[in-house]
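Biologist: Please take me through the strands of this model up close, with the partners each one has. Finish with whatever helix you can describe in detail.

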Amino acid sequence: MTLHGTNCYLLSGSHGPDVTLIDTGSPAPSAAPFINILGEHLRSTGNVIRTIILTHHHIDHVGGLADVLEFIKNNGAPEPSIYKFKTPASTEPAGRSVIGDDELDRLVQSQSANSQGIKWLRDGDKIPQRELDDGMPLTVMHTPGHTSDSISLF
Ligand SMILES: [Zn+2]
């Protein structure tokens with residue numbers, strides 16, 4: 001399922017209510033229509049976001065993370081696991097179009113006292129996908145180019 005938002009995907013299958021959100025779109029106020037559609041979908045299907053995977057640090061892919069986490073928290077849903085490839089230190093970005101790893105991790109950790117923060121991915125890691133019909137995990141491939149922290153999933 002593709003959501004209204006920049007390059008956001010919701011991965012679901014027929015095995016239970018768990019779903020995976022890939023990227024979180026732009027920050028507020030742009031996030032509002034996306035959050036509304038996401039909320040409608042989750043309410044109508046009973047699905048629960050258990051996993052969030054961030055593909056790279058551009059603001060139109062990670063900027064909506066705070067809004068998504070707040071939405072999940074306000075709905076009393078369990079805290080999702082959040083994954084991202086760690087930006088290589090030598091290429092840590094600066095500027096308004098990106099959100100750095102430290103800031104993202106602080107944001108995630110601020111959501112609850114029990115938060116373990118972002119789970120940092122490495123090339124070849126496999127992310128469990130209980131909900132998918134074939135039960136296969138998503139495999140992470142580091143694909144630097146668009147940004148130094150970009151990943152592809154298969
Ligand atoms: Zn980008």
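Modeller: One bit of bookkeeping before we start: two strands pair here if DSSP finds at least two bridges between them. Also keep in mind that this is a predicted model. The chain averages a pLDDT of 88, and 94% of the residues score at least 70. Confidence varies by element, with strand E6 (residues 119–121) having the highest mean pLDDT, 97, and strand E1 (residues 2–3) the lowest, 59.

Let's begin with the open sheet of three strands, ordered E7-E8-E9 and paired antiparallel. Strand E7 (126–127) and strand E9 (151–153) are the edge strands; each has a single partner strand, so one side of each is left without a neighbour in the sheet. If you zoom in on E7 and strand E8 (residues 138–142), you'll find two bridges joining these antiparallel strands. One residue pair to click on there is isoleucine 127 with leucine 138, its bridge partner in E8.

Now hop over to strand E4 (residues 48–54), where the pairing is parallel. Six of the seven residues in E4 are buried, so call this strand mostly covered. Strand E3 (residues 18–22) pairs with E4 in the parallel sense, over five bridges. Within that pairing, valine 19 has isoleucine 49 in E4 as its bridge partner. To get from E3 to E4, the chain passes through helix H1 (residues 31–45), making a right-handed β-α-β crossover. E4 also runs parallel to strand E5 (residues 81–85), and four bridges join the two. For a pair to look at in that pairing, try leucine 54, which stands opposite lysine 84 in E5.

E5 turns up again when you look at helix H4 (residues 101–109). Asp101, Leu104 and Val108 of H4 are buried. Those three cover an arc of only 65° around the axis, which puts them on the same side of H4. Flip to the other side of H4 and you meet Asp102, Glu103 and Arg106, which are exposed. As for what covers the buried residues of H4, the list includes E5 along with helix H2 (59–62) and helix H3 (65–74). That makes E5 a handy place to rest the view: this strand is joined to E4 by four bridges, and E5 is also among the elements covering the buried residues of H4.

Definitions and conventions. Residues are numbered from 1 along each chain as its sequence is written. This is a predicted model: local features need pLDDT of at least 70, side-chain atom pairs count only at pLDDT 80 or more; totals for chains, interfaces and linings use all residues. A residue is buried if 20 or more other C-beta atoms lie within 10 Å of its own, exposed if 12 or fewer, and partly exposed in between; C-beta atoms are placed from the backbone. A crossover is right-handed if, with the strands pointing away from the viewer, the path from the first strand over the helix to the second runs clockwise. pLDDT is the predictor's confidence in each residue, from 0 to 100. The arc is that of the directions from the helix axis to the C-beta atoms. Two residues are in contact if their C-beta atoms, placed from the backbone, lie within 7 Å.
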